[in-house]
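Dear colleague,

I am handing over the structure below, as agreed, together with an account of what was found in it. Please read the notes with the structure open beside them.

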Amino acid sequence: MSHNSFGKNLVFTSFGESHGSTIGCVLDGFPPGMPITVEEIKVELERRATGKSRHTSQRKEKDDVQIVSGVFEGVTTGHPIALLIENTDARSKDYSNIAETFRPGHADYSYWHKYGIRDYRGGGRSSARETTMRVAAGALAKKWLKENHDIEIKAWLSQLGEIKLEKGDVSKVDDNPFFTGDVAQVTALEDYMDELRKSGDSVGARIDVEAINVPAGLGEPVYGKLDAELALAMMSINASKGVEIGAGFDSVPQKGSVHRDEIVDGNFQSNHAGGILAGISTGQAITVSVAFKPTSSLRIPCRSENIHGEAIEVVTKGRHDPCVGIRATPIVEAMMALVLMDHLLRHHAQTKSGKVK
Ligand code: EPS
């Protein structure tokens, strides 16, 4: 049983490997009638792409997305939407010396033990390259959410290594290579990353995301709770190691008298719940925070084993992100959009009369 799809009424399926010929996705259940262009999808793809600054991988993919079905004369038809992107800048020789070795902390080990075969080129299916398709599909979902429900989704970098960042001005998130609204810290982030890159090491990051104008009532108790499905979506992103909804783990030391969000004149006075109570949206902003681990492909030598069980030293060359979390901001937004759109369609399916004209 494989799981390359998620969603119920809006079903997203991705395929492809980092160094294969093509990556792609199918988005099934997308409603008819929404205008969409390749250029609109490209805007989101550009945000996530490698090679946009010295702080990310220098692989240069054009990410020229093709819409191969589900759109007629520039408008969605209600049929499966299929999107394809060719891989044009894979450098598989970088990987020949680690074809039989396990990079500690990497999918190399677990993929090998599960499948007994591994496309080692660029991490194969486990590569962050796969997230390109999530962002492509997310571009459609974001547009649909905005046009039909005025829902807006914005993510930002809230921590890079030890550097904690304020939310700041989220309208500035796309003006710097770190996706931070705390623009006063950009120079400090640049210095930090330059040092890190020189040292050959990597670091983790935290991304916060907020969705506003989400109506109350989304979420399907008890096994399709909105927070549960958001956690699943965020945990499915490469390198993600933790998800918090609202106050998250800070709820542990909080008193109930503080944690509860008081209601005065129809307005919540705080949002420790992250906009979700009992798995159902309340109408408040949905707030989620995601932790990304440090990249495991490092130039710093370390001890490991190869597939024959022999002790080896691993050194990884190539064009790796020193902090994969930096580029995760658009991916987190895309996953939020896909989950919310799926839940809006499910909510409609479950709670409307079902009458057809
Ligand atoms: C990745 C390793 C690098 C990144 C890649 C993700 O691949 P390569 O060694 O082939 O350059 O460039 O990211 C992308 C190509 C992308 O589009 O995100 C990994 O191991 O996950």
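A convenient place to start is V222, which is found in the loop between β10 and α5 (226-235). The model is a predicted one, and that is worth keeping in mind for a local feature such as the peptide bond from P221 to V222, which is cis, with omega near 0°. A second backbone feature concerns D63, a residue other than glycine whose phi is nevertheless positive, near 50°; D63 sits in the loop between α1 (38-48) and β4. For context, most peptide bonds are trans and most residues other than glycine have a negative phi.

The ligand site

Around the ligand there are 13 residues, of which H19, R48, S57, R59 and Y95 are the closest. Divided by class, this shell holds 5 charged, 6 polar and 2 nonpolar residues. Several polar contacts can be given with their distances: an N or O atom in the side chain of H19 is 2.6 Å from an oxygen atom of the ligand, a polar side-chain atom of S57 lies 2.7 Å from an oxygen atom of the ligand, and for R327 a polar side-chain atom lies 2.9 Å from an oxygen atom of the ligand. On its own the ligand has 460 Å² of accessible area, and the protein covers 94% of it.

The cavity

The structure holds 1 cavity of 30 Å³ or more, and the space in this largest cavity comes to about 60 Å³. Its lining is made up of R48, A128, T131, I237, N238, F292, V324, R327, A328 and I331, which by class gives 6 nonpolar, 2 polar and 2 charged residues. You will notice two names from the ligand site here, for R48 and R327 are both in the lining of the largest cavity, while R48 is among the residues closest to the ligand and R327 has a polar side-chain atom 2.9 Å from a ligand oxygen atom.

The second largest pocket

The second largest pocket has a volume of about 420 Å³. It is lined by 19 residues, and those closest to its centre are R206, D208, E244, G246 and S289. Three strands, β8 (152-160), β10 (205-212) and β16 (286-292), each supply at least two residues of this lining, and β10 gives the most, with 4 residues. By class, the lining of the second largest pocket is divided into 6 nonpolar, 7 polar and 6 charged residues.

The strands that contribute to this pocket are also paired with one another. β8 and β10 run antiparallel and are joined by 8 bridges, with I212 in β10 as the bridge partner of E152. β10 in turn pairs with β16, again in the antiparallel sense, over 7 bridges, and within that pairing V209 stands opposite V288 in β16.

The open sheet and the hairpins

Elsewhere, 5 strands form an open sheet in the order β1-β2-β3-β7-β4, with antiparallel pairing. β1 (5-6) and β4 (66-69) stand at the edges with a single partner strand each, so one side of each is left without a neighbour in the sheet. Going along that order, β2 (residues 11-15) and β3 (residues 22-28) pair over 5 antiparallel bridges, and F15 has G24 in β3 as its bridge partner. These two strands form a hairpin with 6 residues between them, in which G16 takes a positive phi near 115°.

β3 also pairs with β7, in the antiparallel sense and over 6 bridges, where C25 has L83 in β7 as its bridge partner. At the β4 edge, 3 bridges join β4 to β7 (residues 81-86), and the two run antiparallel; Q66 is the residue that stands opposite L84 in β7.

A further hairpin is formed by β17 and β18, with 5 residues between them, and G309 in its turn has a positive phi of about 80°. The strands themselves, β17 (residues 302-305) and β18 (residues 311-314), run antiparallel and are joined by 4 bridges, with R303 opposite E313 in β18.

With best regards

Definitions and conventions
Residues are numbered from 1 along each chain as its sequence is written. This is a predicted model: local features need pLDDT of at least 70, side-chain atom pairs count only at pLDDT 80 or more; totals for chains, interfaces and linings use all residues. Side-chain values use heavy atoms; hydrogens and water are left out. Two strands pair if DSSP finds at least two bridges between them. On a 1 Å grid over the protein atoms alone, a cavity is a set of points where a 1.4 Å probe fits but cannot get out, and a pocket is an open set with protein on both sides within 12 Å along at least five of seven lines; lining residues have an atom within 4 Å of a point. Grid points are joined across faces, edges and corners, and a volume is the space filled by probe spheres set on the points. Ala, Val, Leu, Ile, Met, Phe, Trp, Tyr, Cys and Pro count as nonpolar, Asp, Glu, Lys and Arg as charged, and the others, Gly among them, as polar. A residue is near a molecule or strand if one of its heavy atoms lies within 4 Å of it. A polar contact is a pair of N or O atoms within 3.5 Å; within protein, one must be able to donate a hydrogen and the other to accept it, and residues adjacent in sequence count only if both atoms are side-chain atoms. Accessible areas come from the Shrake-Rupley method with a 1.4 Å probe; for residues, only the protein chains shown count as cover.
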